[in-house]
Structure formats: C-alpha cells, structure tokens
Amino acid sequence: MNNRCHCGNNKNLKTIYYGRIRSGSFGKLTKNKFRIFNCNKCNLKFLEKPKKKSFYETNEYRKKFNNSSEINIYHKLHKSRIKKKIKKIGETKFKKKVVADFGAGGGTFLNNIKKNSSKTIAVEPAFFWHSYLKKKHLTFSYPEDLIKKKIKADIIVSFDVIEHINQPVEFLKNIKQILNKNGTAYIVTPNFNDILMNLIPDSFSSFNFRTAHTLYFNEESMSFFLKKSGIKKYKISYYHEMDFSNLLLWLRDKKPSGLNKLKIFDKEFENLYINYVEANKLASHLWVEIRN
Ligand SMILES: [Zn+2]
C-alpha cells in the first residue's frame, strides 16, 4: 500500500477501519470502501490518500452548501455553536485585537466578535464565500497569503478545519508564524476518543469517518504534530459540543439526533454530563491553545 502518515512515517501502519464512509449528511455513504490507518509513530488516525483532488475543490462541497447557501440560513445554523465558543474564549479577549479566522466559512464567528476587535481577517479557501466575507472582513484564500503580505494576528481561531487538511505541519507552522508575540491561537478539532467511539464504535464509525476528514486526532497525535511544527507553548484540553440527549438517542437509534431532542434533562444535569466527558477526555472535540 502506497500510504504514508502525515508525520512522514510509512512503517507499521495499521488498518483500523475498512468500509464505506460518510460522504455528506447522515446516511450518505461512499460506494467504495475506504481504509482508515493508525500510525504507531504519532498515533494519528488518517484516511487513505484519496484518488481525487481536495475536498474544497470538489463539486460535492459546493453542492452540500448550495442547498442552503443563502447566507442568513448559514449564520442561523452556525450561530449557537459559535457563540458557545466565543463564551469559552471570553468576549473581552477580542477587544482591540487583530483577529483571524482560518476556515472562516460564511463568517459567522468574525461577524460576532467584530465590534470590539480592531481588525478582522477571514481566511477561507472556498472562493464562493468571498463575496460575503469581503463586505465585513479582510479576506484571503490561504494562510500563506497573510505571510506574503506580512500580516500578523493577535488571535487566530480555527474551528473544525485542521481535520480537512493534508499538510497539518505546514498549517500549524503558518499559525505560529502569523501569530503575534503574546498572541493566542485556538484550534478546535474532533476528538477521535469521543465517548461514542468508545461506546458504539461499530455504528459510530461509518458516520464519524468521512470523505471530508483526512485526519482524526487525539491528544497524543495533536501533541506530536504541535511539537513537530516547532510549537512549544500549547495546552490541549477538551470541549464537548453535544448533549446527553444526543448520547442516549445514538445508543437507542444508532444515528445523530441534534441537540435537546429528549427534553428530559435540565441544564444542571447537562452541565454535569458535559463537565464529566470534558474532564475525562471523552469529549467531542480537542481544544488547543497555542501561545507565541
Ligand atoms: Zn504518523
């Protein structure tokens, strides 16, 4: 097999999954089977090298969002998730700061922090978002564009992006280079050791593994890639995006339900659950803070 891990290692790659994977929303599966490998050097799990070009360049990506590409629908869909993340970071952190979002999408995050910041920068490879982004933010396609223009940022966020990328080391190096002294970058990416992967790996795998995600990090592999990118000051913690109701419905129905569907559990109970999975490294996401 002509595969090599994104850390460079090509020895002792173990196939941890071979089957159909998700190619869109729940239930949409690939025709062909795909392999997911585990690298025993860095502990990264990764999708076998796709035969076609990158996800962002395919029609699939476009089609997926053209259904609801009306920008207001997009913001509505993303707003509550984004607001939770802003709250976790702390709204005052953005005050008078240059803030960049790598993988800005339609710009929901930047729109929400713009009023207190000194400048907002959107980095988004999908060109069809640029006409929206340009109205409110300095807009680029790739992090390299900022480096060429010697633009720096005090705060960089990148939510659910690094798992799509083929060259995570370059991506992280770019973040380090663009981040101002005393700046902070927040990288959020799915956690391979999510509670559902522990409880129901068989039914969760064909949903979790998807054509759009090349990389599946856990704390160990994230730490490896941060160090490999020359990043010394970082902290990895956990962030859970789903609720207890979703967990129970997954266990019952073997499919995602979205949030607050059972309406049995109060806020106090949900917080207890979320705190528990975050403290025990079973959360849906890794929350990485990088300092310069
Ligand atoms: Zn590796």
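**Helices on a seven-stranded sheet**

Helix α6 lies across β4 (98–102), β7 (153–159), β8 and β11, and runs at about 150 degrees to β8. α9 packs on the sheet as well, touching β10 and β11, and its direction makes about 150 degrees with that of β10. Before I go on, please keep in mind that this is a predicted model.

Let me start with the sheet itself. It is open, has seven strands and shows mixed pairing, in the order β6-β5-β4-β7-β8-β11-β10. Which strands stand at the edges? They are β6 (138–140) and β10, and each has a single partner strand, so one side of each is left without a neighbour in the sheet. Direction ignored, neighbouring strands of this sheet are turned against each other by 15 degrees on average.

Now to β11, residues 285–291. In the strand order β11 sits between β8 and β10. With β8 (residues 179–190), β11 pairs in the antiparallel sense over seven bridges. With β10 (residues 234–239), the pairing is again antiparallel, over six bridges. As a reminder, strands of a sheet pair through backbone hydrogen bonds, either parallel or antiparallel. I290 of β11 is a useful residue to look at here: A185 stands opposite I290, and Y234 stands opposite I290 too. One further pair is K235, which stands opposite E289 in β11. Is β11 largely enclosed or largely open to the outside? Five of its seven residues are buried, so β11 is largely enclosed by the rest of the structure.

Back to the helices, and to the faces they present. In α6, residues 168–178, the buried residues are P168, F171, L172, N174, I175 and I178. Viewed down the axis of α6, these buried residues fall within an arc of 155 degrees, so they line one face of the helix. The background is familiar: an α-helix has 3.6 residues a turn, so residues three or four places apart point the same way.

α9, residues 219–228, has S221, M222, F225 and L226 as its buried residues. The arc they cover around the axis is only 140 degrees, which puts them on the same side of α9. What do they pack against? Their partners are α6, β10 and β11. Just after α9 comes G230, with a positive phi of about 80 degrees.

Next, the core. In general, nonpolar side chains in soluble globular proteins tend to be buried together. The largest nonpolar core here has 63 residues, and the members that touch the most others are F46, A100, A153, I156 and I175. The element that gives the most to this core is β7, with five residues. I175 is also one of the buried residues of α6. As for F46, what does it contact beyond its neighbours within four places in sequence? The list is C5, H6, I36, F37, T214, L215 and Y216.

Over to β5, residues 119–123, where A122 lies. A122 has 27 other C-beta atoms within 10 Å and is therefore buried. Leaving out residues up to four places away in sequence, A122 touches D101, A104, G107, L110, L133, H137 and T139. T15 is a distant point of reference: A122 and T15 are 107 residues apart in sequence and 37 Å apart in space, C-alpha to C-alpha.

I274, in helix α11, is partly exposed, because 19 other C-beta atoms lie within 10 Å and the buried class begins at 20. Its C-alpha atom is separated by 7.1 Å from that of D243, with the two residues 31 places apart along the chain.

Last, the loop between α10 (244–253) and α11 (267–279), where K254 is found. N260 lies in the loop between α10 and α11 as well. Most residues other than glycine have a negative phi. What is phi at K254? Phi of K254 is near 60 degrees, a positive value in a residue other than glycine. N260 also has a positive phi, near 55 degrees. Are these two residues buried or partly exposed? K254 has 13 C-beta neighbours inside 10 Å, so it counts as partly exposed. N260 is partly exposed too, with 13 other C-beta atoms within 10 Å.

That is the tour; I will take questions.

Note on methods: Residues are numbered from 1 along each chain as its sequence is written. This is a predicted model: local features need pLDDT of at least 70, side-chain atom pairs count only at pLDDT 80 or more; totals for chains, interfaces and linings use all residues. Helices (H or I, at least four residues) and strands (E, at least two) are DSSP runs, numbered from the N terminus. A residue is buried if 20 or more other C-beta atoms lie within 10 Å of its own, exposed if 12 or fewer, and partly exposed in between; C-beta atoms are placed from the backbone. The arc is that of the directions from the helix axis to the C-beta atoms. Two strands pair if DSSP finds at least two bridges between them. Two residues are in contact if their C-beta atoms, placed from the backbone, lie within 7 Å. Axes are lines fitted to C-alpha atoms, for helices over the stretch in contact, and angles run from 0 to 180 degrees between N-to-C directions. A nonpolar core is a set of buried Ala, Val, Leu, Ile, Met, Phe, Trp, Tyr and Cys residues joined through C-beta atoms within 7 Å.
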